Amino acid sequence: MLYANQSQTNITVGLQYQGLLGIVMFSTVTLVPWCVFLFINVTMLFTLRSKPVFRETSRYILLYNLLFADTVQMAQGQLMYILAACRLRLTYPVCGTLVMLAVLTKEISPLTLVAMSLERYVAVCYPLRHATIITIRNTGVAICVIWTISSLNVLTKVLLMINFHVEDIVSLQMKDFCGKESIFLDQISDLYEKAYTYCLFVSAGIVVSCSYIGVMVAARSASTDRDSAVKARKTLLLHLVQLGLSLSSTLHNLLLIAISKIIDRILSVRIQIFLYVLVIILPRCLSALIYGIRDQTIRPVLVYHLCCQWKRSPLLSVVPAKAKISILIAS
């Protein structure tokens with residue numbers, strides 16, 4: 001989401017040439033899909049906490065962690081967009097807090113995808129040991145490690161920011177719109193971010209790819225459940241796609257720079273808004289859509305929550321949790 005901040009500033013500069021009507025129109029273009037995707041994500045988060053089967057299964061706990069980080073990124077990104085569209089300049093502490101929140105949650109998605117891929121690998125290749133290895137406690141430890149890695153990255157960037165902005169922080173008020181480019185101006189920060197991002201996505205890609213290959217090899221074994229292996233292989237392939245979409249957000253700025261050099265400002269603003277929705281907002285909702293549609297346990301519960309029918313059904317209100325899921329699946 002950090003890579004959306006510069007585009008949001010560029011969009012705002014372009015909107016200044018179109019007046020208030022242009023600002024309202026283009027803000028609505030981003031706000032409507034954002035509200036839809038946020039509603040889906042929040043409903044999915046509620047769904048994953050509504051039943052014991054979701055709260056006590058490792059893959060659903062990891063999915064909740066992934067969706068939580070994506071939802072926070074969506075909210076933070078849209079907030080930054082609105083602040084830039086309204087031409088509001090923040091103080092360094094407030095802007096730094098927003099940017100660091102984006103830094104904290106940005107790496108959660110690829111790291112959680114790594115953990116989810118390893119869980120599927122163990123489930124297929126070591127089915128007898130899966131219940132011993134993939135426990136609720138171990139899942140909690142994995143999530144703590146994920147957030148710790150992201151927190152250390154945030155701490156490093158805070159130290160780099162303070163070292164470069166000591167004089168500016170004294171005055172507090174920013175002279176430019178809030179964004180990553182306004183906070184991290186020195187070359188060291190830029191080099192660190194590139195090195196960290198490349199290392200993160202290359203490592204995540206290797207782990208997910210190796211898990212996929214391991215599942216493919218295991219699927220040919222006579223002792224492996226073929227149906228389970230096929231489902232795990234498709235899930236890991238989706239994880240690779242999700243990882244690629246997360247990586248595409250890091251290339252978002254480069255696309256904007258290339259586009260701005262080719263076409264005029266007004267058309268460039270429209271394309272930037274389209275890319276913002278397609279590359280930044282949409283991938284944050286794909287996890288909810290993918291698992292909400294594919295998972296036979298989540299799908300019926302999610303559909304009922306989305307349709308606001310859960311509390312209206314007298315039958316479901318008196319049936320135990322596991323029976324509710326069975327009834328919904330059967331229907």
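Buried, in these legends, means a relative accessible area under 20%, exposed means over 50%, and partly exposed lies in between. The model shown is predicted.

**Figure 1. The whole protein, a predicted model with 18 helices and 0 strands.** The protein has 331 residues, and 49% of them count as buried. Its accessible surface comes to about 16,400 Å². Carbon and sulfur atoms account for 69% of that surface. Among contacts between residues at least 6 apart in sequence, 80% join residues at least 24 apart.

**Figure 2. Confidence along the chain and two stretches with pLDDT below 50.** The mean pLDDT of the protein is 77, and 78% of its residues reach 70 or more. Residues 9–17 have a pLDDT below 50. In the model, this stretch makes 20 contacts beyond near neighbours in sequence. The pLDDT is also below 50 over residues 313–331. For residues 313–331, the contacts beyond near neighbours in sequence number 21 in the model.

**Figure 3. The salt bridge between D70 and R284.** A search of the whole structure finds 4 salt bridges. In one of them, the side chains of D70 and R284 meet at 3.9 Å, taken from N to O. D70 belongs to helix 4 (residues 58–85) and R284 to helix 15 (residues 283–294), so this pair ties together parts that are 214 residues apart in sequence. Are D70 and R284 buried or exposed? Both residues are buried.

**Figure 4. The salt bridge between K106 and E107.** The side chains of K106 and E107 meet at 3.1 Å, N to O. K106 has a relative accessible area of 10%, and the cut-off for buried is under 20%, so K106 counts as buried. E107 has a relative accessibility of 1% and therefore counts as buried as well.

**Figure 5. The salt bridge between E193 and K157.** Here the N to O distance between the side chains is 3.8 Å. Which helices does this pair tie together? E193 lies in helix 11 (residues 187–219) and K157 in helix 8, so the salt bridge links parts that are 36 residues apart in sequence. Why does E193 count as buried? Its relative accessibility is 5%, and buried means under 20%. K157, at 3% relative accessibility, is likewise counted as buried.

**Figure 6. The aromatic pair of F54 and Y60.** A pair of aromatic rings is described by the distance of the centres and the angle of the planes. The count for this structure comes to 4 aromatic pairs. One of them is the pair of F54 and Y60, whose ring centres are 5.1 Å apart. The planes of the two rings make an angle of 85 degrees, and the pair is edge-to-face. The cut-off for this class is an angle over 60 degrees. F54 counts as buried at 1% relative accessibility, and Y60 counts as buried at 3%.

**Figure 7. A nonpolar surface patch made by V141, V145 and I149.** The area of the patch is about 220 Å². V141 lies in helix 8, which spans residues 136–164. With a relative accessible area of 41%, V141 is partly exposed. Patches take residues with over 30% relative accessible area, and V141, at 41%, is over that cut-off.

**Figure 8. E56 and T57 in the loop between helix 3 and helix 4.** Helix 3 covers residues 52–55. E56 is exposed, with a relative accessible area of 57%, whereas T57 is partly exposed at 24%. E56 and T135 are 79 residues apart along the chain, and their C-alpha atoms are separated by 9.1 Å. T57 and T139 are 82 residues apart along the chain, with 9.3 Å between their C-alpha atoms.

**Figure 9. G179 in the loop between helix 9 and helix 10.** Helix 9 covers residues 166–171 and helix 10 covers residues 180–183. Is G179 buried or exposed? G179 counts as buried, at 3% relative accessibility. In sequence, G179 and A84 are 95 residues apart. In space, the distance between them is 9.1 Å from C-alpha to C-alpha.

Key
Residues are numbered from 1 along each chain as its sequence is written. Side-chain values use heavy atoms; hydrogens and water are left out. Patches are made of residues with over 30% relative accessible area and no salt bridge: like charges are joined within 9 Å, nonpolar side chains (Val, Leu, Ile, Met, Phe, Trp, Tyr) within 5 Å. Accessible areas come from the Shrake-Rupley method with a 1.4 Å probe; for residues, only the protein chains shown count as cover. Helices (H or I, at least four residues) and strands (E, at least two) are DSSP runs, numbered from the N terminus. Buried means under 20% relative accessible area, exposed over 50%, partly exposed in between (1.4 Å probe, protein chains only). pLDDT is the predictor's confidence in each residue, from 0 to 100. Contact means heavy atoms within 4.5 Å. Rings of Phe, Tyr and Trp (its six-membered ring) pair if their centres lie within 6.5 Å; planes under 30 degrees apart count as stacked, over 60 as edge-to-face and the rest as tilted.
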